[in-house]
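User: Please examine the following model and discuss how its chains meet and how its helices pack.

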4 protein chains.
Amino acid sequence: MKALFLNCSLKGGDTTSHTEGLINDIILHFDALGVDTEVVRVVDYNVAFGVTEDEGDGDEWPSIFEKVKAADILVIGTPLWLGEKSSVATQVIERLYGGSSLTNEEGQAIYYNKVGGVVVTGNEDGAKHACASILYGLSHIGFTVPPNVDTYWVGEAGPGDSYIDAGRDNAFTKSHGKTMAYNLYHFAKQLKETPIPVEGNTME
Amino acid sequence: MKALFLNCSLKGGDTTSHTEGLINDIILHFDALGVDTEVVRVVDYNVAFGVTEDEGDGDEWPSIFEKVKAADILVIGTPLWLGEKSSVATQVIERLYGGSSLTNEEGQAIYYNKVGGVVVTGNEDGAKHACASILYGLSHIGFTVPPNVDTYWVGEAGPGDSYIDAGRDNAFTKSHGKTMAYNLYHFAKQLKETPIPVEGNTME
Amino acid sequence: MKALFLNCSLKGGDTTSHTEGLINDIILHFDALGVDTEVVRVVDYNVAFGVTEDEGDGDEWPSIFEKVKAADILVIGTPLWLGEKSSVATQVIERLYGGSSLTNEEGQAIYYNKVGGVVVTGNEDGAKHACASILYGLSHIGFTVPPNVDTYWVGEAGPGDSYIDAGRDNAFTKSHGKTMAYNLYHFAKQLKETPIPVEGNTME
Amino acid sequence: MKALFLNCSLKGGDTTSHTEGLINDIILHFDALGVDTEVVRVVDYNVAFGVTEDEGDGDEWPSIFEKVKAADILVIGTPLWLGEKSSVATQVIERLYGGSSLTNEEGQAIYYNKVGGVVVTGNEDGAKHACASILYGLSHIGFTVPPNVDTYWVGEAGPGDSYIDAGRDNAFTKSHGKTMAYNLYHFAKQLKETPIPVEGNTME
């Protein structure tokens, strides 16, 4: 089973990403469950703006999209700015939407039988709003959203430490991270064994 | 199998509810699938403000909550005002949240193995925002969100007809209503046969 | 000059309201500026669901609406549940919207020349989302939104103390509360002296 | 007086932008009022991801930022995808936020005495949500939001024509566009003549 994390940090390369810190905490649970994981820092790719599968002209979304298609589990990770998910996360949703009219062999959307989750870190506020937006986007294009697949950390109102600097040790965040990993796994396994029946849900 | 619709219209009694019009269109699919359905117009009950299971003093939420507990499928229906779900819908989410620390026999949240969906009607704008908020609320407290379980209708920007007056005949809305009914059914059936494994997701 | 605070706590009477705690902190600045203030705990009134000025049948919104009409400054205060403003706050926006087609003597919306702000408290997350929703609602029906008129407090992710219990001593929240009071005052004073010109903004 | 429109379409160059169509409709009112206008299609610039004023390495945000600093009126224009403002609009808000700790000669945020507005076009849904997010972002960093400065067009639920193809002739959208232009003008003029008093709102 494969889980793909798209880290939508605004910072590329080896720069510290607090969102990646939380992603890595969740990966420990996937390791225990025998799930293969890969983390892609999206901003390291030259992803074009647009709403198609391939915008041409050096657009590197297609190589990320191949990973999405191969994954059973997709998790979007994002930081928060002014209480909103990052522009990179918004772009990823736009590009995923760009593939939403593709179908599997049964005629269902290509994202059917895949499960989605979300990871958010921020200084202080906006996590639930970002989770709602991302999970809705995934659900609307065909992903299944198991219960409790949103894990986040924010600190007290105002400027302050980010996730890693704050000690990476919040009981609520830890507990949610564990439940998220297990529920993504349970549902991905179930959907692999018993795919969504092809009835009432094919694309015309 | 039982599907419960909580119609969060601001208008009670026999008043025309455009949201109920769309709910009724979706019920036709549940009828074909042999799913029992019930529609509750929440504003006809004296639901108290609060975040507990029972606020006492004549609070009628407990009788609605019994229906929620007995249902396999829960659909929240709401109109839009200023681009937001109704106050009644907000109140329903608050009261459902009030029961979120209750557990089933396995120690999971009481909403595990139930599936959730959303129906929205409005003159012109706000449906996706309301869907995102409601589906996230349900997911965060334990409901499963299958793909494509948001059905809505809005008209062109500005004042204009509401759903029923507009002819109740939008191909997009119809198609989504059908897929929603089928996917809620498929997942509810699957979760009845194979409940979510009790691993990594019990409440402490 | 008059400032009206509508506290949209779910709890009535003399129950401790953390939102009211923050409101009271802001009122100290209004006191210093010579602004008369009044706090209404909305849930103590029998406010009917609806989108008109007066829903009849014992609806007590009209008495609150009179206070709104008499105020120069309106501040909505709300707690957070599942990352959203309260159902009472949603209801207040619906009822304010119900008066949005009324006009002043010049034919502008009745809310012209009034300024709006927002106060939010919650355990952990959702403040900016609630602020955005409330300030937009106010702006869309005719209120002016000065810069920096959103004051909030949330704690670290997960269960924890609410505003008053947390010590009521966050530098960011304090600073925002002060700026909010001053900017609401500056703009209300300016609009009293020089109302918005009656050109391009009357209702047809 | 100068009004700057940042068109956050995903499409660059001379490609038809429906958002720009609506922007151009609003500019007619600015022309009548003697306001100088400029439209920047942001995606034509190589804007880096980040939250500083200048991300270096060929980042072309600084040249846009100079225009923002010179403008009295800033309007963000955005299309909608999955009910959300575009990734480009999100990026613009992030970059504006990156300049939010800069101050004017008085020690207030650099955006004080500037007014902000928003223009949205989409096939069908999400306008108010995008308006709320953008206006809140602007307000939180120092812009003034006059009443009724959100103009949008969306069509009926589901796939369909975009703004220009739909005939560019919606009475509600036209009326809002006019009011928006006049109120932005009225407030920008007032703030030029009587800037926000320097009391209670300087940055520490």
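User: How many residues of chain B are in contact with chain A?

Analyst: The model is predicted: local features need pLDDT of at least 70, side-chain atom pairs count only at pLDDT 80 or more, and totals for chains, interfaces and linings use all residues. Residues are numbered from 1 along each chain as its sequence is written, while chains are lettered from A and ligands numbered from 1 in the order in which they are written. Contact requires C-beta atoms, placed from the backbone, to lie within 7 Å. On that criterion, 29 residues of chain A are met by a number of chain B residues that is 29.

User: Which elements of chain B give two or more residues to the side that touches chain A?

Analyst: Helices are DSSP runs of H or I with at least four residues, numbered from the N terminus. The elements of chain B giving two or more residues to this side are α4 (127-141) and α5 (171-193).

User: What relates the two copies?

Analyst: Superposition is by least squares on the C-alpha atoms of residues with pLDDT of at least 70 in both copies. Chain B falls on chain A with RMSD 0.0 Å after a rotation of 180° and 0.0 Å of shift along the axis. The copies are therefore related as by a two-fold rotation axis.

User: How are α3(A) and α4(A) oriented, roughly parallel or roughly antiparallel?

Analyst: Axes are lines fitted to C-alpha atoms over the stretch in contact, with angles from 0 to 180 degrees between N-to-C directions. The axes of α3 (residues 87-97) and α4 (residues 127-141) of chain A come within 10 Å and cross at roughly 5°. Angles under 35 degrees count as roughly parallel and over 145 as roughly antiparallel, so α3(A) and α4(A) are roughly parallel.

How values were computed:
Two residues are in contact if their C-beta atoms, placed from the backbone, lie within 7 Å. Angles under 35 degrees count as roughly parallel, over 145 as roughly antiparallel, 65 to 115 as roughly perpendicular and the rest as oblique.
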